[in-house]
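Please examine the chain below, following it from one end to the other. The paragraphs after it explain how parts of the chain are arranged in relation to one another.

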Amino acid sequence: MNRGQEEGALTQCTEENEGMHQERDIFRRKLREFPNLFGIINYSTLTQKRQQTLLEKFSVEKEDGDHHCTEAEKTASSNLIAFLLFLRKDREKAVEEINNVLQSPNNDSNIVALASMAVIKWEMGDRQEGERFVEKLENLRQQENFQEKVVDAKAEIGYCCSRMGMVYAQLAVDMFKEVVKARPCDYTWKLGLAVALRRSLKTNYVMYFRIPPQLTSERSLRAFDLLLEIKNSNAPDTLRAEALVELGTLLQNEKFPEFEDVKVKARKHGITAEQCYEEAVELAPTDPHVLTHSGKFFSNRKQLQRSRELLERAIEIRPTTTAHHFLGTTLTKLVREEKYQSRQDWGASAGGRRYDNERQIDHKHVKAAIEHFEKAIEISQDDNTPAIYDLGVLYVCVGDDDQALKQFSKLINLTASRCSPIQLIKSHEQVGLIYMRKKTGARNQAERQEYTAEGCRLLQEALQMQCQAVRSLPPSEPDLPASRPSFYDLCCAAKGTKSPNHQLKQISRLYEMIRNYRDYLNVLTEISKFTRQKTLNVENLEECLKNYVTRQQYDHALLFLSLLETTEEEVLISQWSDPELPNRVRVMAA
């Protein structure tokens, strides 16, 4: 084939592809008025690994036969499994899964299943069959209950989105809102909306999507009202128990300013988090979800034996990644409670100082905790990032830095939407400290320098990320005397005061506690000169930043700028003679 023929063939191929895309768009437009997974979910954001993880999770749940799910939830899960099978190019199995849905009781006209079958058949090349399923959907319009079926489809999609991770959380909220508006007495989907709202209040969600405090407050109040309504309703005991668990989870945030309205309402109704969990366990003593989250609550309240009992019962009924993770956490706390090693020593080990911890790994609770963390990670296919982080911390505590490094590295390599910003910051910090410890056992000077450089890089990245995130972090009360506090703990402590000097002092403690990190102390020296007595010299601040740029110390410049932006000094930046200086610093540092 000569050059002209090759170009002609390429042009023809391009035209054919464009024609196929146009035909696909025309076909998909016929499905727009029928809620379906292909038309609503942006599946381009799902990586192949994420697709496989979700597919395995839902398939295992289906095989185990979760008796605590409603029939509508089981149908939604089956439709989602078919959708994921199609994305994984297992189209025959996808068709089989949809046929199972359509042949199940009361689902012969399930809109989500019919629309999925239409798309899959069309993509398999059987366009006539695809059009036949579109015709089936069109015929549903003639039925009196057509709008009810549309609401059913929206409820299914809301449920699917609520199970697919943080990226799809807002879509779940939007879908459930429409369903609840159409069916104000359907407590199943009312609980779905409340759960979706409550999950959107999590720190990683708020930080990732930059949710303003006012919206967080509104969502928390809406979730509280929905959960309280379900609690006091005539809904089945299992549904009321799950609502109580969610209500208890919500009330544990009452110390945060964004939850002030929730705290006032809870006090008015005489509701406490502990009452919610106690009543939930009484209503549904065999519901693994209720047992798992109640076990976590009692673990946080240091009622460790009660926590262990509930979590072991949950795992016996249905072993989930969450139950194994929480039980591992409870067992870790039991080690401290038994004072196998004093709590202070244990915490100090996690903070970066090495002790003779070899005997700790033989402790029965340590072994069991590691097994449960590993099981949680295995079940979730590395998707349970809190379990990965907690296992890494446990390995640090028992002196196994190599195993700890494996766990923290997993988190560092994840995308931002898959890992909590706090976990990401702490993982950088922990790995940095591990490299600092490794340098003491280096075989030669070159290896020692390599470990030192890598440790410093990771610690600086951790601090840099913390400075950038500090304004969106929730307030907390870190246990500072127990162990060396993390970057996150110190910045949370800094947020507890309106004094910029105190904020900077808390952040600066990081430098004092980390050896071989003195390179950046000159930045701290400049910052420590600032006072809030009368006025600050705006020109001096700007000149200080320019000096770092002139000396090409871009990391120092960016750190200096970030520290300024975490305090009230931020207003002074707008008064600089060169308003573009901060942006240039960020570009040059990058």
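**A guided reading of the helices**

Helix α13 covers residues 237-251, and its 15 residues, at 1.5 Å each, should span 21 Å; the C-alpha atoms at its ends are in fact 21 Å apart, so expectation and model agree. This helix is mostly covered, since 13 of its 15 residues are buried. The model is a predicted one.

It is useful to place this helix within the chain as a whole. The chain contains 31 helices and zero strands. Of its 590 residues, 51% are buried. If one takes the contacts between residues at least 6 apart in sequence, 66% of them join residues at least 24 apart.

One residue illustrates how distant parts of the sequence may meet. A280 belongs to helix α15, which comprises residues 273-283. Its relative accessible area is 0%, and because buried means under 20%, A280 is buried. Which residues does A280 contact, leaving aside its neighbours within four places in sequence? They are A241, L244, V245 and V290. A280 and A243 are 37 residues apart along the chain, yet their C-alpha atoms are separated by 8.2 Å.

A second helix, α5, permits a fuller analysis. It runs over residues 91-103, and its 13 residues at 1.5 Å each should span 18 Å; the end C-alpha atoms lie 18 Å apart, so the two values agree. Where do the buried residues of α5 lie when the helix is seen down its axis? They fall within an arc of 160°, and therefore they line one face of the helix. The buried residues in question are A94, V95, E97, I98, V101 and L102. On the other side of α5, E92, E96 and Q103 are exposed.

Helix α5 also packs against a partner. Its axis comes within 10 Å of the axis of helix α6, residues 111-123, and the two axes cross at roughly 155°. Angles over 145 degrees count as roughly antiparallel, and therefore α5 and α6 are roughly antiparallel to each other. Their crossing is left-handed. On the side of α5, the contact is made by R91, A94, V95, I98, N99, V101 and L102. On the side of α6, the contributors are A113, L114, S116, M117, I120, K121 and E123. Among the α5 residues in this contact, A94, V95, I98, V101 and L102 are buried.

Another pair of helices may be read in the same manner. The axes of helix α17, residues 304-317, and helix α18, residues 321-337, come within 9 Å and cross at roughly 155°. These two helices are therefore roughly antiparallel to each other, and their crossing is left-handed. From α17, the contact involves L304, Q305, S307, R308, L311, E312, A314 and I315. From α18, it involves A323, H324, F326, L327, T330, L331, K333, L334 and E337.

A residue from another helix touches members of this pair. H372 lies in helix α20. At 18% relative accessibility, H372 counts as buried, because the limit for that class is under 20%. Apart from neighbours within four places in sequence, H372 is in contact with I315, H324, H325, L327, G328 and L331. Of these, I315 also takes part in the contact between α17 and α18 on the α17 side, and H324, L327 and L331 do so on the α18 side.

The loops deserve attention as well. Most residues other than glycine have a negative phi. K302, although not a glycine, has a positive phi of about 65°. It is found in the loop between α16 and α17. Is K302 buried or exposed? At 67% relative accessibility, K302 counts as exposed, because that class begins over 50%. Q381 is likewise not a glycine and has a positive phi of about 55°. Q381 is located in the loop between α20 and α21. Its relative accessibility is 35%, so Q381 counts as partly exposed.

A final example comes from a later part of the chain. T452 is found in helix α24, which comprises residues 445-469. T452 and Y435 are 17 residues apart in sequence, and their C-alpha atoms are 6.7 Å apart in space. With neighbours within four places in sequence left aside, T452 is in contact with M436 and K439.

Key. Residues numbered from 1 in each chain as written. Predicted model: local features only at pLDDT ≥ 70, side-chain atom pairs only at ≥ 80, totals over all residues. Heavy atoms only, no water. Helix = DSSP H or I, 4+ residues; strand = E, 2+ residues; numbered from the N terminus. Buried < 20%, exposed > 50% of the residue type's maximum accessible area, 1.4 Å probe, protein only. Contact = heavy atoms within 4.5 Å. Expected span 1.5 Å × (residues − 1). Arc of directions from axis to C-beta. Axes fitted to C-alpha atoms, helices over the stretch in contact; angles between N-to-C directions. Parallel < 35°, antiparallel > 145°, perpendicular 65-115°, else oblique. Left-handed = near helix turned anticlockwise from the far one by under 90°.
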